[in-house]
Amino acid sequence: MISKEAFELLDNQLPKGAFLTVKNNDEVNTMVIGWATVGKVWGKDVITVMVRYSRLTYDLIKNAEDFTVSVPALDTMKEEIAFMGTKSGRDFDKYKETNLHLKDSKKVSSPIIEEAKLHFECKIIYKQAMDPMGIVDKEGIEDRFYKGNNDYHVIFYANIEDCYEN
Ligand SMILES: Cc1cc2nc3c(=O)[nH]c(=O)nc-3n(C[C@H](O)[C@H](O)[C@H](O)COP(=O)(O)O)c2cc1C
């Protein structure tokens, strides 16, 4: 499992934003995530991320083998997070605009964001589209996040192949 320090940084920084980077064939894209879980599933060290259908990232990750999560040092990289988390790779060269750099991963094909502090290299093992019928907390989940938009999340479960600090 990941170290206590790694978990603490992920947990504290996630609400402010971390970078999710996906490579599929020759195309790479990065967006910001605020939600993820880490734990044990199927006896493996697993991270889950949630990506809405509307994201360019979804178009890539739906057919990808892996992804990375790169976590900035706490409370840093605010401008880069704002850009990567509000603009789409469909409209901008997000790396040029933010001056963030991709760096080869050690174990997966999707690269990491070099400037971030902590990196997860993740191999996708299961994916599941949210079923609206399965939402029990209508007010807290359906009404708050999906009312009128039909833009549900797809949840990607991935084996944590590596987790390290730059
Ligand atoms: C702090 C923060 C957290 C976010 N978390 C998520 C998330 O967990 N899942 C998601 O689909 N979008 C999330 N977003 C929105 C995407 O990052 C945003 O729509 C992005 O522009 C998509 O880029 P893309 O079209 O290049 O994939 C978040 C944005 C911010 C600022």
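**Exercise 1.** Determine which secondary-structure elements each supply at least two residues of the shell around the ligand.

*Solution.* Begin with the elements themselves, where helices (H or I, at least four residues) and strands (E, at least two) are DSSP runs numbered from the N terminus. The elements that each give at least two residues to the shell are β2 (27-33), β4 (44-52) and α2 (56-61). Next, look at the shares: β2 provides the largest, with 4 residues. The model is a predicted one, in which local features need pLDDT of at least 70 and side-chain atom pairs count only at pLDDT 80 or more, while totals for chains, interfaces and linings use all residues. Residues are numbered from 1 along each chain as its sequence is written, and side-chain values use heavy atoms, with hydrogens and water left out.

**Exercise 2.** Describe the residues around the ligand and its polar contacts with Leu56, Thr57 and Lys94.

*Solution.* First, take the residues with a heavy atom within 4 Å of the ligand; there are 21 around it, and Met50, Thr57, Lys87, Ser88 and Gly89 come nearest. Then turn to polar contacts (pairs of N or O atoms within 3.5 Å). The side chain of Thr57 places an N or O atom 2.6 Å from a ligand oxygen, that of Lys94 has one at 2.9 Å from a ligand oxygen, and for Leu56 a backbone N or O atom lies 3.0 Å from an oxygen of the ligand. Finally, the ligand taken alone exposes 650 Å² (Shrake-Rupley method, 1.4 Å probe), of which the protein buries 83%.

**Exercise 3.** Characterise the lining of the largest pocket by element and by class.

*Solution.* By element, the largest share of this lining, 4 residues, comes from β2. By class, the lining has 8 nonpolar, 9 polar and 5 charged residues, with Asp, Glu, Lys and Arg counted as charged and Gly among the polar ones.

Conventions:
A polar contact is a pair of N or O atoms within 3.5 Å; within protein, one must be able to donate a hydrogen and the other to accept it, and residues adjacent in sequence count only if both atoms are side-chain atoms.
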